[in-house]
Amino acid sequence: MTKKYICEMCDWIYDPAEGDPDGGIAPGTPFEKIPDDWTCPDCGATKDDFVEYTE
């Protein structure tokens, strides 16, 4: 199972199964493979503001 990551600023969850199509991230893309200049689609936080999410 691929890990999900949560934005510490707004609690938006990045789910690799869904990706971020509006942000140019295809479904199936692991968080580690997202470009470093990608930002949270909800609040604009940087990739550094995300931590591993455990349900």
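Pro-27 is classed as exposed because its relative accessibility is 54%, where exposed means over 50% relative accessible area, buried under 20% and partly exposed in between (1.4 Å probe, protein chains only). The model is predicted, so local features need pLDDT of at least 70 and side-chain atom pairs count only at pLDDT 80 or more, whereas totals for chains, interfaces and linings use all residues. Residues are numbered from 1 along each chain as its sequence is written, and side-chain values use heavy atoms, with hydrogens and water left out.

Pro-27 lies in the loop between β2 (13-14) and β3 (50-53); strands are DSSP runs of E of at least two residues, and helices are runs of H or I of at least four, both numbered from the N terminus. When neighbours within four places in sequence are set aside, Pro-27 is in contact (heavy atoms within 4.5 Å) with Pro-16, Ala-17, Glu-18 and Gly-19. For one of these residues, Ala-17, the C-alpha atom is 5.3 Å from that of Pro-27, at a sequence separation of 10 residues.

The strands form an open sheet of 3 strands in the order β2-β1-β3, with antiparallel pairing. β2 and β3 are the edge strands, each pairing on one side only. Pairing of two strands requires at least two bridges between them in DSSP. The antiparallel strands β1 and β2 are joined by 2 bridges, and Ile-6 has Ile-13 in β2 as its bridge partner. These two strands, β1 and β2, make a hairpin with 5 residues between them, and Asp-11 in the turn has a positive phi of about 70 degrees. On the other side, β1 and β3 pair over 4 bridges, also in the antiparallel sense. Here Cys-7 has Phe-50 in β3 as its bridge partner.

Cys-7 and Phe-50 both belong to the largest nonpolar core. This core has 11 residues, the others being Tyr-5, Trp-12, Tyr-14, Ile-25, Phe-31, Ile-34, Trp-38, Cys-40 and Ala-45. A nonpolar core is a set of buried Ala, Val, Leu, Ile, Met, Phe, Trp, Tyr and Cys residues joined through side-chain atoms within 4.5 Å. In soluble globular proteins, nonpolar side chains tend to be buried together. Tyr-14 touches the core residues Tyr-5, Ile-25, Phe-31, Ile-34, Trp-38 and Phe-50. Tyr-14 also touches Lys-4, Gly-19, Asp-20, Thr-29 and Pro-30, residues up to four places away in sequence not being counted.

Two cysteines of the core were examined for disulfide bonding. A disulfide is taken as a pair of cysteine sulfur atoms within 2.5 Å, and the count by this rule comes to 0. Cys-7 is not bonded to Cys-43, which holds the closest cysteine sulfur, because the two sulfurs are 3.7 Å apart, too far for a bond. Cys-40 is likewise in no disulfide, the nearest cysteine sulfur being that of Cys-10 at 3.7 Å. Cys-7 is buried, with a relative accessible area of 0%, and Cys-40 also counts as buried, at 3% relative accessibility.

The whole structure contains 4 salt bridges, a salt bridge being a side-chain nitrogen of Lys or Arg within 4 Å of a carboxyl oxygen of Asp or Glu. Side chains of opposite charge can pair when their charged atoms come close. One of the salt bridges joins Glu-52 and Lys-3, with an N to O distance of 3.7 Å. The pair links distant parts of the chain, as Glu-52 is in strand β3 and Lys-3 is in the segment before β1 (4-7), 49 residues apart. Glu-52 is partly exposed at 41% relative accessibility, as is Lys-3 at 43%.

Lys-4 takes part in a network of salt bridges with Asp-15 and Glu-55. The side chains of Lys-4 and Asp-15 meet at 3.9 Å, N to O. Lys-4 is in strand β1 and Asp-15 in the loop between β2 and β3, with 11 residues separating the pair in sequence. In the salt bridge between Lys-4 and Glu-55, the closest N and O atoms are 3.3 Å apart. Glu-55 is in the segment after β3, and this pair is 51 residues apart. Asp-15 is buried, with a relative accessible area of 18%, whereas Glu-55 counts as exposed at 74% relative accessibility.
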